[in-house]
Amino acid sequence: MIHPLASGFLRKKLLDAIPADDVVNKQRFVLFRIFSWSGTVVCIGTACKMLATIPEAGFLPWMILCLSLVMMVNYFAVQSFERLRLAYQVMLFSAFTLL
């Protein structure tokens, strides 16, 4: 049994809304979830490191923090599995922007 708070962060209801026989879409959502959380952590870590080590970092760390915000908003904004395709596209664009 998953704690209700953890279930909300992991979007368990959205995962359960995907039909059980649609294994590819379930795995795609799990990868989307993993990348959303890990991408956000990496963006925050990189921005904090830049702010701490570079005296005049400019606007780049702040743009990276905005990118982490985009990733989390994208992750939590999706409400139905029919809209996941658009969320995947936004995440791919974010990934290329991060590079």
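This report walks through the helices, the nonpolar core and a few buried side chains of a predicted model.

## The overall layout

Start with the fold at its simplest: the chain has 5 helices and 0 strands. Reading from the N terminus, the order of elements is just α-α-α-α-α. There are 99 residues in the chain, and buried ones make up 29% of them.

How do the contacts spread along the sequence? Take the contacts between residues at least 6 apart in sequence: 61% of these join residues at least 24 apart.

## Cysteines

If you're setting up the topology, note that the structure holds 0 disulfides. Cys43 is buried because its relative accessibility is 0%, under the 20% cut-off. Cys48, on the other hand, is partly exposed, as its relative accessible area of 45% falls between the 20% and 50% limits.

## The nonpolar core

Which residues have the most contacts inside the largest nonpolar core? They are Phe29, Phe32 and Leu84, in a core of 18 residues. Several helices chip in here: α2 (12-17), α3 (23-53), α4 and α5 (84-98) each supply at least two residues of this core.

Phe29 belongs to helix α3. With a relative accessible area of 0%, Phe29 is buried. Its C-alpha sits 9.7 Å from that of Arg11, with the two positions 18 residues apart in sequence numbering. As for Leu84, setting aside neighbours within four places in sequence, its contacts are Leu14, Ile18, Phe29, Phe32 and Val78. So Phe29 and Phe32 turn up both as contacts of Leu84 and, with Leu84, on the list of residues with the most contacts inside the core.

## Helix α4 and its buried face

Helix α4 covers residues 60-77, which is 18 residues. From its first C-alpha to its last it reaches 25 Å, close to the 26 Å expected at 1.5 Å a residue. Its buried residues are Pro61, Ile64, Leu67, Ser68, Met71, Met72, Asn74 and Tyr75. Looking down the axis of α4, these fall within an arc of 160°, so they line one face of the helix. The spacing fits a general rule: an α-helix has 3.6 residues a turn, so residues three or four places apart point the same way. Over on the other side of α4, Leu69 and Ala77 are exposed.

## Helix α5

Helix α5 has 15 residues and reaches 21 Å from its first C-alpha to its last, close to the 21 Å expected at 1.5 Å a residue. Which of its residues are buried? That list is Leu84, Ala87, Tyr88, Met91, Ser94 and Ala95. They cover an arc of only 120° around the axis, which puts them on the same side of α5.

The cover over these buried residues of α5 includes α2, α3 and α4. On the other side of α5, the exposed residues are Arg85, Leu92, Phe93 and Phe96.

## Where α4 meets α5: Asn74 and Ala87

Asn74 is in helix α4, and Ala87 lies in helix α5. Both are buried: Asn74 has a relative accessible area of 11%, and Ala87 has 2%. What does the side chain of Asn74 reach? It gets to the backbone oxygen of Ala87, at 3.0 Å.

Beyond its neighbours within four places in sequence, Asn74 is in contact with Phe32, Ala87, Val90 and Met91. From C-alpha to C-alpha, Asn74 and Val90 are 7.3 Å apart, though 16 residues apart in sequence. Under the same sequence filter, Ala87 is in contact with Phe32, Asn74 and Val78. Ala87 and Ala77 are 10 residues apart in sequence, with their C-alpha atoms 8.5 Å apart.

## A buried serine in α3

Ser36 is found in helix α3. Is Ser36 buried or exposed? It counts as buried, at 0% relative accessibility. Its side chain reaches the backbone oxygen of Phe32 at 2.8 Å.

Leaving out neighbours within four places in sequence, Ser36 is in contact with Met71, Met72, Tyr75 and Met91. Met71, Met72 and Tyr75 are among the buried residues of α4, while Met91 is one of the buried residues of α5.

How values were computed: Residues are numbered from 1 along each chain as its sequence is written. This is a predicted model: local features need pLDDT of at least 70, side-chain atom pairs count only at pLDDT 80 or more; totals for chains, interfaces and linings use all residues. Side-chain values use heavy atoms; hydrogens and water are left out. A disulfide is a pair of cysteine sulfur atoms within 2.5 Å. Buried means under 20% relative accessible area, exposed over 50%, partly exposed in between (1.4 Å probe, protein chains only). Helices (H or I, at least four residues) and strands (E, at least two) are DSSP runs, numbered from the N terminus. The expected span of a helix is 1.5 Å times one less than its number of residues. The arc is that of the directions from the helix axis to the C-beta atoms. A nonpolar core is a set of buried Ala, Val, Leu, Ile, Met, Phe, Trp, Tyr and Cys residues joined through side-chain atoms within 4.5 Å. Contact means heavy atoms within 4.5 Å. A polar contact is a pair of N or O atoms within 3.5 Å; within protein, one must be able to donate a hydrogen and the other to accept it, and residues adjacent in sequence count only if both atoms are side-chain atoms.
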